[in-house]
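This report looks at a ligand site and at one residue of the protein. The sequence and structure come first.

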Amino acid sequence: MSQKTTWEEFFDAHAPIYDENVFTKNTAAEVAFLLEELRLPRGGSVLDIGCGTGRHAIELARRGYRVTGLDLSSEMMARAAAAAKAAKVRVEWVRADAARFTLPEPYDGAICLCEGAFGLLGREDDPLEQPLSILRNISRSLKPGARAVLTVLNGTAALRRHQNRDMTEGRFDPLTLVESSAHPPREGLPPIPVRERSFVPTELVLLCRLAGLSVLNLWGGTAGNWGRRPLDLDEMEIMVVAERAVEAPGSHPEG
Ligand SMILES: C[S@@+](CC[C@H](N)C(=O)[O-])C[C@H]1O[C@@H](n2cnc3c(N)ncnc32)[C@H](O)[C@@H]1O
């Protein structure tokens, strides 16, 4: 990776204040929820994609699981590694793009939370291909029958929130559900232009299916308010619980 992608640039600069975000304050309860959904074997292995500062990875390691945290931002990962050391737990850290990685061993479960890569488009990323590549990589990283939990931006909320002028003025593309905006990564720094992609439930089911994952549940997944409840149309995030299909002999997910 030579030139930094927009999100790498953003999170490298945002890293020092990431853990101050209110949505990061519910980690222990989130991990308890994840463990009920992932159904890991005792001491099983978990891949955390877009692990950020490692809050879920470290809490899982504290509870006795073998964890790999993968992220694009070296600054987020540096903080994750320091936090793991302070917590006296071992986590394997891998710096990679979620759309372009391969790891040697399959995992008992995977998580990709708070738009950990999924829905965060780089400058050149195709809005359909990039998320599909991430799902294929998640699928390939799982043992057959193993589960993944993702929280992703909700396309129904994006469609209801935007006006036609957002489309004509280039802030929202209703065809791809891509929102373009610019945010300073922290106070005093210039804004960085970024692209974020939301997803409607039907395409999530289809994209997962193309990647060899069966969707078991789509629930309300807004940070700080996860629940096994039907999706609210205006809810910010959707939670996807999916299972790696047990392949028939000789068959593989496309790609
Ligand atoms: C909003 S943070 C979420 C972090 C963590 N999952 C959490 O719940 O706190 C998004 C993370 O995704 C990472 N990320 C963005 N695009 C990525 C990509 N293509 N591959 C890997 N990581 C990526 C960012 O560096 C950032 O650490």
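The sections below cover the ligand shell, the polar contacts of the ligand, and Glu59.

## Model

The model is predicted.

## Shell around the ligand

The ligand is surrounded by 20 residues. Tyr18, Gly50, Arg55, Asp71 and Ala98 are the closest of these. By class, eleven residues of the shell are nonpolar, five are polar and four are charged.

Two helices, α1 (6–18) and α3 (55–62), each contribute at least two residues to this shell.

## Polar contacts and burial of the ligand

Backbone atoms of Gly50 and Leu113 each pair with a nitrogen atom of the ligand: the distance is 2.7 Å for a polar backbone atom of Gly50, and 2.9 Å for a backbone N or O atom of Leu113. Asp71 takes part through its side chain, where a polar atom lies 2.6 Å from an oxygen atom of the ligand.

The protein buries 97% of the 600 Å² that the ligand exposes when taken alone.

## Glu59 in helix α3

Glu59 is located in helix α3, a helix that also supplies at least two residues of the ligand shell. Is Glu59 buried or exposed? Its relative accessible area is 12%, which is under the 20% limit, so Glu59 counts as buried.

The side chain of Glu59 forms a polar contact of 2.7 Å with the side chain of Arg62. With neighbours within four places in sequence left aside, Glu59 is in contact with Thr27, Ala28 and Val31.

How values were computed. Residues numbered from 1 in each chain as written. Predicted model: local features only at pLDDT ≥ 70, side-chain atom pairs only at ≥ 80, totals over all residues. Heavy atoms only, no water. Near = heavy atom within 4 Å. Polar contact = N/O pair within 3.5 Å; in protein donor to acceptor, adjacent residues only side chain to side chain. Areas by Shrake-Rupley, 256 points an atom, 1.4 Å probe, with all protein chains shown as cover. Helix = DSSP H or I, 4+ residues; strand = E, 2+ residues; numbered from the N terminus. Nonpolar A, V, L, I, M, F, W, Y, C, P; charged D, E, K, R; others polar. Buried < 20%, exposed > 50% of the residue type's maximum accessible area, 1.4 Å probe, protein only. Contact = heavy atoms within 4.5 Å.
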